[in-house]
Amino acid sequence: MIDFGTAFIGFLLMLTFMLVGISIAASLFLTAAIGALAYLGLPTLLSFGNTMWGALNDFILTCIPLFILLGEILVRAGVTDRMYRSLSGWFSRLPGGLLHTNIVSCGIFAAISGSSVATAATIGTVAMPAMKARGYEEKMVLGSVAAGGTLGILIPPSINMVVYGAITNTSIGKLFIAGIVPGILLAGMFMLFIAVYCMIKPSLAGEAEKPQPLSQRLRALGDLIPPALVFFVVMGGIYMGWATPTEAAAIGVVMSLLVAAWYRKLSFAMLHDAFLAATRTTAMVLLIILGAFFLNYVVGMLGVPQAVSNYVAELGTTPLETIWILVLLYLVLGCFLETLSMMIATVPVIVPLVVSLGYDPVWFGIFLVIMMELSLITPPVGMNLYVVQGIRGKGSIIDVIRGSLPFVLAMLLLVTLVIYFPGIALWLPSKI
């Protein structure tokens with residue numbers, strides 16, 4: 001068993017690999033390989049093949065490419081455009097107008113894609129031209145899309161939750177349902193901020209919208225049926241016990257194909273693009289998971305979790321103080337690391353510590369996902385900031401950062417509520 005100081009040096013070494021530009025998967029493997037050779041010997045390193053097979057030969061991981069493919073097909077089927085137009089008629093008269101449509105559209109698309117970056121990119125592509133034409137303040141538009149996109153990893157299904165559940169052996173079904181209430185609460189907080197801010201300064205929301213006739217708005221709700229149906233079948237199948245997450249994801253893919261056929265978007269060219277994009281993303285995610293599993297194996301063999309737990313015990317901090325230390329740690333890491341790498345780099349060490357303090361691993365999964373959401377819109381590495389700026393195509397990214405800052409405060413408020421009222425995340429799983 002190694003001491004805390006040595007473990008900390010290893011962690012810094014891994015961060016250094018990532019910061020100098022080495023890929024996440026390679027950084028994880030290099031750190032594990034150096035630790036194995038230095039303390040455990042060559043046989044441990046040679047066991048990588050067995051670890052790789054054991055990690056990837058897991059039925060639950062099959063849902064990752066399926067959920068990714070589900071989102072890719074629905075995007076190419078034009079579901080997002082129809083959904084946005086349908087929602088805009090209902091929210092255009094609220095203070096903030098189409099800014100609310102951005103948040104709700106992000107929430108709905110998050111419930112079928114599982115990816116924050118995909119959510120921000122897809123909704124941003126639809127929203128920005130419409131809002132520019134109506135004279136909305138650009139910073140607010142950019143901030144609402146970047147922040148709304150973060151809902152992609154909190155509202156189920158979530159690729160990040162699948163990865164967390166696979167690494168920590170936590171129920172993915174419980175993680176999914178634990179994210180529903182915090183996800184809806186965060187979306188509501190975003191919308192409340194927009195409404196209050198736009199009541200104080202109405203010019204932010206551009207020109208007033210002419211109200212659509214009720215009959216027109218009701219007809220437009222039909223465009224929400226396909227994504228809602230996909231979501232309820234996928235999540236309902238999991239929680240009713242009819243299907244595992246992997247089987248539910250497969251059913252969702254079949255339904256997405258039917259939706260594409262209904263909208264006459266199903267073609268070999270569309271399927272080629274969707275499968276190619278899904279394959280690329282899946283390969284990246286699974287390679288990172290593979291490196292994480294090997295690092296997890298080496299970290300466990302070296303006794304790093306016990307060393308960290310002993311160090312924290314010697315500090316004499318209370319469990320609550322330890323959680324707030326973790327908040328600061330993830331805020332700092334989020335400024336330099338991408339969400340998946342940040343989660344995978346810390347989970348093998350942090351989760352055993354948190355569980356030893358009496359916290360539920362499902363609760364910590366939600367806490368961790370919210371902290372990863374923050375990292376998506378905190379500079380200098382916030383992925384959603386760059387995605388939204390890329391869609392915008394001009395100006396400075398500083399505008400995107402300024403527009404996102406108020407939403408960062410909303411996320412910090414949610415983190416505080418989840419810490420002091422854990423039932424926000426754990427009440428719904430306890431009922432199902």
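The exercises below work through the fold, salt bridges, aromatic rings and backbone of a predicted model.

Local features need pLDDT of at least 70 and side-chain atom pairs count only at pLDDT 80 or more, while totals for chains, interfaces and linings use all residues. Residues are numbered from 1 along each chain as its sequence is written, and side-chain values use heavy atoms, with hydrogens and water left out.

**Exercise 1. The overall fold**

Describe the secondary structure, dimensions and burial of the protein chain.

Step 1. Count the elements. The protein chain has 23 helices and zero strands. Helices (H or I, at least four residues) and strands (E, at least two) are DSSP runs, numbered from the N terminus.

Step 2. Check compactness. The radius of gyration is 22 Å, close to the 22 Å given by the globule rule for 432 residues, so the protein chain is as compact as a globular protein of that length. The radius is taken over C-alpha atoms, and the rule is 2.2 Å times the number of residues to the power 0.38.

Step 3. Take the box. Along the principal axes, the C-alpha atoms fill roughly 70 × 50 × 45 Å.

Step 4. Look at burial. Of the 432 residues, 54% count as buried. Buried means under 20% relative accessible area, exposed over 50%, and partly exposed in between (1.4 Å probe, protein chains only).

Step 5. Look at the surface. The accessible surface comes to about 18,200 Å², and 70% of it belongs to carbon and sulfur atoms. These areas come from the Shrake-Rupley method with a 1.4 Å probe; for residues, only the protein chains shown count as cover.

Step 6. Check contact range. Among contacts between residues at least 6 apart in sequence, 80% join residues at least 24 apart. Contact means heavy atoms within 4.5 Å.

**Exercise 2. The salt bridges**

Find the salt bridges and place each one in the fold.

Step 1. Apply the rule. A salt bridge is a side-chain nitrogen of Lys or Arg within 4 Å of a carboxyl oxygen of Asp or Glu. The structure holds two.

Step 2. Take E72 and R76. Their closest N and O atoms are 2.4 Å apart. Both residues lie in helix α5 (residues 63-76), four residues apart, about one turn of the helix. R76 is partly exposed, at 29% relative accessibility.

Step 3. Take R82 and D223. Their side chains meet at 3.9 Å, N to O. R82 lies in helix α6 (residues 79-91) and D223 in the loop between α13 (214-220) and α14 (225-239), so the pair ties together parts 141 residues apart in sequence.

Step 4. Compare the burial classes. R82 is partly exposed at 26% relative accessibility, while D223 is buried at 19%.

Step 5. Look for a second partner of R82. R82 also lies over the face of Y263, at 4.0 Å from the ring centre. A charge sits over a ring if NZ of Lys or CZ of Arg is within 6 Å of the ring centre and within 35 degrees of the ring normal.

**Exercise 3. The aromatic rings**

Count the aromatic pairs, then classify F193 with Y197 and F231 with F232.

Step 1. Set the rule. Rings of Phe, Tyr and Trp (its six-membered ring) pair if their centres lie within 6.5 Å; planes under 30 degrees apart count as stacked, over 60 as edge-to-face and the rest as tilted. The count comes to nine aromatic pairs.

Step 2. Classify F193 and Y197. The pair is stacked, with 5.4 Å centre to centre and 25° between the planes. The two residues are four apart in helix α12 (residues 180-200), about one helical turn. F193 is partly exposed at 22%, and so is Y197 at 34%.

Step 3. Classify F231 and F232. This pair is edge-to-face, with 5.4 Å centre to centre and 70° between the planes. F231 is buried at 18% relative accessible area, whereas F232 is exposed at 57%.

Step 4. Find the cluster. F190, F193, Y197 and F407 form one aromatic cluster.

**Exercise 4. The backbone**

Locate the cis peptide bond at P157 and the positive phi values of N169 and R264.

Step 1. Take the peptide bond. P156 and P157 are joined in cis, with omega about -5°. P157 lies in the loop between α9 (138-149) and α10 (159-168).

Step 2. Take N169. Its phi is positive, about 60°, although N169 is not a glycine. N169 sits in the loop between α10 and α11 (172-178). N169 is exposed, at 74%.

Step 3. Take R264. This residue other than glycine has a positive phi near 60°. R264 lies in the loop between α15 (245-262) and α16 (268-302). R264 is exposed, at 79%.
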